[in-house]
Amino acid sequence: MNRLWRCVAGLALAGSAALACADFPDKPVTLVVPFAAGGPSDKIARDLAEALRKPLGQTVIVDNTVGAGGTIGSARVARATPDGYTLLVHHIGMATAPALYRKLSYKVPDDFETLGLINEAPSVLIGKPGLAAGNFAELRQWIASNGGKVNLANAGIGSASHLCGLMFQSALKTDMTPVPYKGTAPAMTDLIGGQVDLMCEQATNAVPQIEGKKVKVYGVTSLQKLPLAALKDTPTLSESGLKDFNVQVWHGLYAPRGTPPDVIAKLNTALRAALKDPELIKREEALGLTVASDDRVDPAGHRKFVEAEKARWSKVIKDAGEYAD
């Protein structure tokens, strides 16, 4: 009898999730990352894997399953055996994929068990070095005076920079010309070179360019200023006039739908322990990330958050009419 059926049998005989799968985990756990190795999500997953190793008592392996804006890796986990050994680490794209992809092969969040939020990170609005605007007020005037001529770079449809750009245009009630790239690096290169005007990018990726004065920074996309030295004097877009503008890239942990309740509980307990690991916190903060510590670390709170984000972004994406398929 395989492990999954032993768990089901345990539930049926005991009438309680507490007695099911008591030996979980008894082999390595795999974290599927639906993005390429070396990127922000991959780094977060690898740091989390190390922090999970001790509370789980098992090796945690990171497996990059890339393609189609993260949907291939997500679909893999949605179809995986629901035994707790194949998990997904995904960012905000988990909530935006249902609107971006009109023929998605899985349902969010219905085809997953939410295990808890990991972190969140704001982005910054940056511009090419030769841009005449010296602050956000001047930038806003410059955008208005240039009509639809302003172009906005992003790392590809569905990327954090693309989503932030959509929200920015919606807040300004103006259209810009999107310029999608195959990743952050080429988009940043062209921004530095002046081939594109603006970009909304995760603070972790933008700070080195800001420190080197290779790009101009116009605002932070969170509701609070960032403590990073390079951004401590940079105002939020909300306080600069885009009231309540709040775009953060967050990561969460997921299991396939049908994973036994006691396995979910064990995974959540391990996640909570990992998020209190001083070394993990140190690494996350060094990247400008805030480790989750509120009710979204709870599976129910995480699910409620994903549903709210899904609804929020669905409107933005549909209003923009930009789809990935």
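Biologist: Which residues does the disulfide join?
Modeller: In this predicted model, Cys 164 is joined to Cys 200, with an S to S distance of 1.8 Å.

Biologist: How many disulfides does the structure hold?
Modeller: The structure holds 1 disulfide.

Biologist: And which parts does the pair tie together?
Modeller: Cys 164 sits in helix 6 (residues 160-172) and Cys 200 in strand 7, so the link ties together parts that are 36 residues apart in sequence.

Biologist: What kind of bond is that, in general?
Modeller: A covalent one, between the sulfur atoms of two cysteines.

Biologist: Are the two cysteines buried or exposed?
Modeller: Cys 164 is buried, at a relative accessible area of 1%. Cys 200 is buried too, at 3%. Both values count as buried because the cut-off is under 20% relative accessible area.

Biologist: What about the rest of strand 7, covered or not?
Modeller: Strand 7 spans residues 198-202 and is mostly covered, with 5 of its 5 residues buried.

Biologist: Switching to the pairing. How does strand 4 run against strand 7, parallel or antiparallel?
Modeller: Strand 4 (residues 112-127) runs antiparallel to strand 7, and 5 bridges join them.

Biologist: Which residue of strand 4 stands opposite Cys 200?
Modeller: Leu 125 stands opposite Cys 200. So that cysteine has a disulfide to Cys 164 and also faces Leu 125 across the strand pairing.

Biologist: And strand 5, how many bridges join it to strand 7?
Modeller: Strand 5 (residues 151-154) is joined to strand 7 by 2 bridges, and the two run parallel. There, Ala 153 stands opposite Met 199 of strand 7.

Notes: Residues numbered from 1 in each chain as written. Predicted model: local features only at pLDDT ≥ 70, side-chain atom pairs only at ≥ 80, totals over all residues. Heavy atoms only, no water. Buried < 20%, exposed > 50% of the residue type's maximum accessible area, 1.4 Å probe, protein only. Helix = DSSP H or I, 4+ residues; strand = E, 2+ residues; numbered from the N terminus. Pairing = 2+ DSSP bridges. Disulfide = S-S within 2.5 Å.
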